[in-house]
Amino acid sequence: MITTDYVWQYTLVIVAAFATAFALSWLFFRDDKSSSEEPEKEPEKEQTTEPETERNFEEHAVYCPVKGNVIPLSEVKDETFASEALGKGVAIVPGEGVVYAPFDGVAEMVFDTKHALGLNNGKGIELLIHVGLNTVELDGRFYETYVNSGDAIKAGQKLLSFDMEGIKNAGYDLTTPVIVTNSDDWSDVRAEKTGNTMVLEKIITVE
């Protein structure tokens with residue numbers, strides 16, 4: 001015969017067993033859920049196209065100011081540039097609408113129409129970067145400059161940006177001549193590279 005005391009003892013045992021089972025089930029379920037969850041991923045760092053500038057640059061060299069396809073001047077569809085009437089150099093078919101400084105020096109002339117820059121490296125190289133052909137006619141539309149005439153510049157510094165689609169849709173050729181305008185002061189001005197080129201790869205050497 002089960003007495004009242006035994007009933008209470010059985011009841012306490014059952015309650016304790018149920019509580020223990022519940023606690024263990026909850027614990028294992030929580031651990032299993034936690035282990036199945038993927039750890040949070042760290043946000044990816046935004047990549048930049050800013051060129052690497054921590055390096056030594058040759059004094060008698062011009063480095064690529066615009067990412068793109070470097071071609072000989074003779075292939076430019078403008079006789080003034082193709083004939084080297086303004087000086088020797090190369091041209092670039094841009095792959096990106098940004099112009100960076102091709103050496104340390106001075107921005108001697110920032111054209112009011114923003115389509116061209118006259119630069120000097122202080123070591124005898126006078127350089128013209130002319131973004132597009134006949135683009136003076138755009139009168140500054142689709143262009144933005146970040147330096148003024150007379151400003152000191154550092155290799156890799158952003159000098160100018162341009163809306164590639166806007167210029168093309170307006171009917172202009174984006175080919176960008178890069179000309180050593182005082183070529184006659186040097187015994188040799190030669191192209192160092194053609195084809196796809198990254199910003200600050202060497203493209204011209206003068207001697």
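## The three-stranded sheet

In this predicted model, three strands make up an open sheet whose order is S1-S14-S12, and their pairing is antiparallel. The edges of this sheet are taken by strand S1 (61–63) and by S12, each of which has a single partner strand, so one side of each is left without a neighbour in the sheet. Ignoring direction, neighbouring strands here are turned against each other by 20° on average.

The pairing of S1 with S14 is antiparallel and extends over 3 bridges; within this part of the sheet, Tyr-63 is placed opposite Lys-202 of S14.

## The eight-stranded sheet

A further open sheet is formed by 8 strands, in the order S9-S5-S6-S7-S11-S3-S2-S13, again with antiparallel pairing. Its edges are strand S9 (151–153) and strand S13 (195–197), and because each of them has a single partner strand, one side of each lacks a neighbour in the sheet. From one strand to the next, the twist averages 30°.

Within this sheet, strand S3 (residues 88–94) and S11 run antiparallel and are joined by 5 bridges. One residue of this pairing is Lys-88, whose bridge partner in S11 is Val-180.

## Ser-183 and its link to Lys-88

Ser-183 belongs to the loop that lies between strand S11 (176–180) and strand S12 (189–191), S11 being a member of the eight-stranded sheet and S12 an edge strand of the three-stranded one. Is Ser-183 buried or exposed? With a relative accessibility of 9%, Ser-183 counts as buried, because the cut-off for that class is under 20%.

Beyond its neighbours within four places in sequence, Ser-183 is in contact with Gly-87, Lys-88 and Val-189. For Lys-88, the approach involves the backbone, since a polar atom of the Ser-183 side chain lies 2.9 Å from the backbone nitrogen of Lys-88. Lys-88 is thus described by two relations, one to the side chain of Ser-183 and one, as a bridge partner, to Val-180 in S11.

## Ser-83, before strand S3

Ser-83 is located in the loop between helix H2 (79–82) and S3, and its relative accessible area of 39% makes Ser-83 partly exposed. The side chain of Ser-83 reaches two backbone oxygens, that of Glu-79 at 2.7 Å and that of Thr-80 at 3.5 Å. Ser-83 and Leu-73 are 10 residues apart along the chain, and their C-alpha atoms are separated by 7.8 Å.

## Nonpolar cores

The largest nonpolar core comprises 35 residues, of which Leu-119, Phe-162 and Ile-204 touch the most other members. At least two residues of this core come from each of S3, strand S5 (105–110), strand S6 (116–120), strand S7 (126–130), strand S10 (158–162), helix H3 (164–169), S11 and strand S14 (202–206). A second core, separate from this one, has 9 residues, among them Val-76, Phe-81, Ala-91 and Leu-133.

Apart from neighbours within four places in sequence, the contacts of Leu-119 include Pro-102, Phe-103, Val-106, Ala-107, Ile-125, Leu-127, Ile-129, Ile-153 and Leu-159, as well as Glu-108 and Glu-126.

## The protein as a whole

The protein contains 3 helices and 14 strands, and 40% of its 207 residues count as buried. Among contacts between residues at least 6 apart in sequence, 69% join residues at least 24 apart. The protein exposes about 12800 Å², of which carbon and sulfur atoms supply 51%.

Notes. Residues numbered from 1 in each chain as written. Predicted model: local features only at pLDDT ≥ 70, side-chain atom pairs only at ≥ 80, totals over all residues. Heavy atoms only, no water. Helix = DSSP H or I, 4+ residues; strand = E, 2+ residues; numbered from the N terminus. Buried < 20%, exposed > 50% of the residue type's maximum accessible area, 1.4 Å probe, protein only. Polar contact = N/O pair within 3.5 Å; in protein donor to acceptor, adjacent residues only side chain to side chain. Contact = heavy atoms within 4.5 Å. Areas by Shrake-Rupley, 256 points an atom, 1.4 Å probe, with all protein chains shown as cover. Pairing = 2+ DSSP bridges. Axes fitted to C-alpha atoms, helices over the stretch in contact; angles between N-to-C directions. Core = buried A, V, L, I, M, F, W, Y, C linked by side-chain atoms within 4.5 Å.
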